[in-house]
Amino acid sequence: MKVFNSYVFLLLLLLTGSVSTLSAQNRTVSGKVLDALQEPLIGVSIVIDGTAQGSITDVDGAFELQIPAGGATLNFSYVGYLTEKVKVKPGQKNIVVYMQEDAIMLDEAVVIGYGTQKKVNLTGAVATVGSEKLENRATQSLANMLQGSVAGLNVTTSSGVPGSSPSINVRGTTSINSAGPLVLIDGAVGELDRVNPNDVESISVIKDASAAAVYGARAAFGVILITTKSGSAQDGKATVRYSGRLGWQAPTTTTDYETTGYWSVYTVNTFWRAKNGTNYVDYTDYDMQQLLARVNDKTENPDRPWVVEDTRNGRRQWVYYGNYDWWHMMYNDRRPTQQHSISLSGGTKDVKYLVSGAYDYQKGILNMNPDIYRKYNLRSKIDFTINRYATLSNNTSFYGSQYTFQGNGSIDDTIGYSGRHALACFPMKNPDGSWLYGTPYLNYKVGNGRHIMLGEGSHRNVNRTNDFSNTTRLVITPIKQLSLTGDFTYRLYQTRNTHRSNNLFYREYPDGPLLSYATGAGLNKLSESVNTRNYYSANVFANYEDTFGEAHHVTGVVGFNYERMYLKNVSAAGQNLTSTSLDDLDLVGQNAEGEVLTEVGGGQSEYALAGFFGRVNYDYKGRYLFEASGRYDGTSRFAAGSRWGFFPSGSVGWRISEEPFFKPLSGYVDNLKLRASFGSLGNQNVSSYYTYMRLISVSDFAGFTFGEGSSMAKYATLGAPVASDLTWETSQQWDFGFDLTMLKNRLNITVDGYVRNTLNMLTDGVELPAASGSSVYRRWFIDNIKLSRAN
């Protein structure tokens, strides 16, 4: 027993010594990472040289890391900064590292069609925007963040409705057939405003045909490529990032409108009388004197009430002498907004992940029963290293939005109609609490009843949008120079809109009955619609890159793309609902004649697109640059004999700064490049999905039922004749430019001049004789739009 105890004691002693020895082999080093201005850098990656062990800096730029006791070399890396190697001496416990901005980023990789390319080797007109340029832009949408960031990218905001998207075009007017730039998010078709700005790593804007050629049919007027952030190897550790913003929005124009009853009535009556010979508001001279007596009253004075009851023409009436501010009674000048975004990222050398979510809130312009817009974003990206030859990735995103508001279908309708006949002398409500709509002093309805809709909350609208997308991609690299990529994308995009209207109740005389407006905007009606889009896309392509003889650099890509879209619309409506507060088509009742008034509608369509594409790039010592690309595209939007078209492009470049004779200036000029390109691209976005067909339309007779009850009888009409040779609209583009980088990337100048000719646009043809029974037929326009500019 004593022998056994001795062995146990010896074993414990050995274990203790081993632990002490292991502990002595590692020690803790801490420190801070700062920039040149001594500001802390957040999220700097620190890795022990030759290992996967590391850490990252916190919000104060501080870090702590276990390193070998004898010393180690630490690698500090951060996007936009030069990588630093720091040797930690034995016994050194604390270090401070200063990182310098990467002043020369000429070797920066730029995302282009189905691959990447060094920025200095680009021969097309491609502009890039990094995430650092977007971080401090205080706006709700990614599209607005791009405004002013890229020359030739025109972002136009025409609506202030929360959640509305600005219109975007690249290099101006495109075609008489509306066509905008193609937007690709991690290689899949998407919408700019449905991307969480905090997820964006970089954005490439492709302006000319040579760079966009591999995208073919929908890239005739530019391409916007969005690359989102991915996870990174952090030795299994996770990084959590949060971004939040609170603020408000305000009008860019004055809202100081006329708020005195006297001057509003006087001004309108003066102009109305000059044109029509009568007053717009039927007020007497005594009424005008009463208005004038109150002209300086900001609030109602008990001695001078703003609504007076009087007997005129043998009947009791309300006479209105107020100074009401209709704009600010109905609308807000300051509208709060908030944005929140959080992400979780990390991984190991074999598995990397990023999960992010965002929430946006905007309060709209309506004062009574405010309109509210909410937006939700989710994204999940996972990358797996299967083996040394293959990687698998999955990218899932979800966008959801809901906009609730009051009014007759839109905010624009409310603003447009609420200002009509709503003079400052009139209140919204009468002294008995009833709404003011009709008055004997006016031949029109006050505010067109929009204030009643907003105040009662009776005209409810909900617009919902959901956009789900998933892309799975497999990349196989059998040899260093060659990679094979295949991916599949499924996207489900759906909008669901609900609109409810109700009768408008008001009183015109103090002793009169409560009246109702029950037609038009005052119908008791519920409408619902659902629009569903199912999109499928597959890409298979191969990339090759190699350098021969240390001088001849060749890259190439060849592949196949297939897309299909299914569209389905369903709508239904019913009148005379049995509840004014519940919105469900199951509550549709009968009218006074016992009829059930309902409506149904729908529609569906689909299209398919396929294309074979290729591109080859060659450069000699990074000095002479050449690129040729093309795409053979087919679309279901044209007839069988006209569906396919080949669209080639080419570009050349000369980096003068790489010539031997330029060396004396190399200390001042980092890059000087001349470039030129020409390309031809097809546009399939013509008037409909079935342009080449004569379609049959089914409509309702205006007032004939033929015994079918409340449903109108149907009739069919045949569409206009269509030319038999309809095919691709073509955009031909010339581009000339130069890039100049000086003073270690502190000064960058890019100048482009271009000419774009849009040919074979679809338009109306020659008017046919009336005896043919057909309207104007559709044909290709023989002329073209020519656009020449510099940017």
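**Group meeting talk: helices, sheets and cores in a predicted model**

Good morning. The protein contains nine helices and 40 strands. Please keep in mind throughout that this is a predicted model. The chain has 791 residues, of which 43% count as buried. Among contacts between residues at least 6 apart in sequence, 67% join residues that are at least 24 apart.

Let me begin with confidence. The average pLDDT is 87, and 90% of the residues score at least 70. Over residues 1–24, however, the pLDDT is below 50, and this stretch has one contact in the model beyond near neighbours in sequence. Residues 780–786 also stay under 50 in pLDDT, yet for them the model has 30 contacts beyond four places in sequence.

I turn now to a sheet. Four strands form an open sheet in the order β3-β2-β5-β6, with antiparallel pairing. Which strands stand at the edges of the sheet? They are β3, residues 54–56, and β6, residues 84–88; each has a single partner strand, so one side of each is left without a neighbour in the sheet. From one strand to the next, the twist averages 20°. As a general point, strands of a sheet pair through backbone hydrogen bonds, either parallel or antiparallel.

Let us look at β2 in this sheet. Strand β2, residues 45–48, is joined to β5, residues 72–77, by four bridges, and to β3 by three bridges. Both pairings of β2 are antiparallel. Residue S45 of β2 stands opposite I56 in β3 and opposite S77 in β5. For I46, the bridge partner in β5 is F76. The two faces of β2 are unlike: I46 and I48 make up a covered face, whereas S45 and V47 make up an uncovered one. Together, β2 and β3 form a hairpin with five residues between them, and in the turn G50 has a positive phi of about 85°.

A similar reading applies to strand β11, residues 153–156. Which of its residues are buried? L153 and V155 point to one face and are buried, while N154 and T156 point to the other face and are not. In a regular strand, side chains alternate between the two faces of the sheet. Strand β11 pairs with β12, residues 167–170, in the antiparallel sense over four bridges. Within this pairing, N154 has N169 of β12 as its bridge partner.

Next, the interior. The largest nonpolar core has 44 residues, and those with the most contacts inside it are V265, V281, Y283, L291, W326 and F426. Several elements each supply at least two residues of this core, including α5 (261–276), α6 (285–293), β19 (315–320) and β26 (504–506). Taking V281 as an example, and leaving aside its neighbours within four places in sequence, this residue is in contact with V265, N269, L423, F426, Y441 and L442. A second, separate core has 28 residues and includes I112, A220, V223 and L225.

We can now examine helix α6. Its buried residues are D287, M288, Q290 and L291. Why are they on the same side of α6? They cover an arc of only 160° around the axis, which puts them on one side of the helix. The general background is that an α-helix has 3.6 residues a turn, so residues three or four places apart point the same way. The buried residues of α6 pack against α5, β18 (307–312) and β19. On the face turned away from this buried side, α6 carries the exposed residues D285 and Q289.

In the loop between α5 and α6 we find T278. Is T278 buried, exposed or partly exposed? At 45% relative accessibility, T278 counts as partly exposed, because that value lies between the 20% and 50% cut-offs. Not counting residues up to four places away in sequence, T278 touches W272 and R273.

My last example is helix α8, residues 411–418. The buried residues here are I411, D413, T414 and S418. They cover an arc of only 160° around the axis, and therefore they lie on the same side of α8. These buried residues pack against α7 (326–330), β23 (390–406) and α9 (450–456). Of these packing partners, α7, β23 and α9 each also supply at least two residues of the largest core.

Thank you for your attention.

Technical notes:
Residues are numbered from 1 along each chain as its sequence is written. This is a predicted model: local features need pLDDT of at least 70, side-chain atom pairs count only at pLDDT 80 or more; totals for chains, interfaces and linings use all residues. Side-chain values use heavy atoms; hydrogens and water are left out. Buried means under 20% relative accessible area, exposed over 50%, partly exposed in between (1.4 Å probe, protein chains only). The arc is that of the directions from the helix axis to the C-beta atoms. Contact means heavy atoms within 4.5 Å. pLDDT is the predictor's confidence in each residue, from 0 to 100. Two strands pair if DSSP finds at least two bridges between them. Axes are lines fitted to C-alpha atoms, for helices over the stretch in contact, and angles run from 0 to 180 degrees between N-to-C directions. A nonpolar core is a set of buried Ala, Val, Leu, Ile, Met, Phe, Trp, Tyr and Cys residues joined through side-chain atoms within 4.5 Å.
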